[in-house]
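Visitor: I'm new to this one. Could you take me through its salt bridges up close?

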Amino acid sequence: MMKVSKGDIVSVEYTIRLDDDRVIETTVGEAPLSYTHGQNEILQGLEAGLDGMERGAAKVITVEPVDAYGEIHPEGFFEVQRERVPAEAQRIGIKLETTAPDGRVVFPYVAEIRPDVIVLDLNHPLAGRTLRFDVRVVDILRGERQLVTEGARGSEKETYPTRSGFMRAIDWT
C-alpha cells in the first residue's frame with residue numbers, strides 16, 4: 001500500500017472545525033484538495049499529520065496555531081477614524097481592502113467599532129485558533145508513474161492552495 005511521502009501529489013477530502021465544533025470549510029461532496037506533499041503548499045501542521053497516511057485512510061488532525069496561521073499579533077491591530085470607513089462596511093468581521101503606507105494592498109478585518117474609531121485587524125482570521133481537520137486521503141500520485149485512486153477523478157478542477165488557501169467562502173460575521 002502506498003503511503004503519502006515527499007513529492008507525491010496527494011488529494012484529500014477534509015472538513016475544518018474550530019474548537020467549538022463549528023465547521024468553517026469542507027470539501028465533502030466536492031472535488032478534493034490536491035497538493036504536492038513536502039512543498040509547503042498547505043499548512044505545516046496539516047502536512048505533518050498527512051505524512052505516511054495510506055490511500056483511503058481517514059483521521060482527525062489537530063493543528064495548533066503555531067503550525068497553522070500563527071498567534072494573534074497585537075501590532076496587527078490599528079485604529080482609523082470612523083468616517084474613513086464606508087458606513088456599509090462598519091460591521092464586525094467585514095473584510096476591507098486598503099493600501100498600506102509602503103504601497104502594498106492589505107486586507108484588514110473590522111475587529112471593533114468604537115464611537116469615533118474603527119479597530120482594524122491585519123492578523124489572519126484564523127490566527128490564534130486551533131483547527132481540527134477531519135481528513136481522508138483520496139488519491140496519491142507518485143511522480144509521473146502511477147495514479148492510485150478510489151474511483152474516477154472528482155473533477156478537472158485542481159486546486160493548489162497556499163498557507164491562506166483555506167479562506168474560500170468563509171463568513172466571519
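Guide: Sure, let's start with the term itself: a salt bridge is a side-chain nitrogen of Lys or Arg within 4 Å of a carboxyl oxygen of Asp or Glu. By that rule, the structure holds 9 salt bridges. A bit of background: this is a predicted model, where local features need pLDDT of at least 70 and side-chain atom pairs count only at pLDDT 80 or more, while totals for chains, interfaces and linings use all residues. Residues are numbered from 1 along each chain as its sequence is written, and side-chain values use heavy atoms, leaving out hydrogens and water.

Take Asp8 and Arg142: they pair up in a salt bridge, with their closest N and O atoms 2.8 Å apart. Asp8 sits in the segment before strand 1 (9–17) and Arg142 in strand 10 (residues 131–142), so this pair ties together parts that are 134 residues apart in sequence. (Strands are DSSP runs of E, at least two residues, numbered from the N terminus.) Asp8 is buried, at 2% relative accessibility, while Arg142 is partly exposed at 22%. Here buried means under 20% relative accessible area, exposed over 50%, and partly exposed in between, using a 1.4 Å probe and protein chains only.

Now look at Asp21, which bridges to Arg132, again with the closest N and O atoms 2.8 Å apart. Asp21 lies in the loop between strand 1 and strand 2 (23–26) and Arg132 in strand 10, so parts 111 residues apart in sequence are tied together. Asp21 is partly exposed at 41%, and Arg132 is partly exposed at 27%. Arg132 also meets Asp134 in a salt bridge, at 3.8 Å from N to O. Add Arg17, and you have a network: Arg17, Asp21, Arg132 and Asp134 are linked by salt bridges.

Terms used. Helix = DSSP H or I, 4+ residues; strand = E, 2+ residues; numbered from the N terminus.
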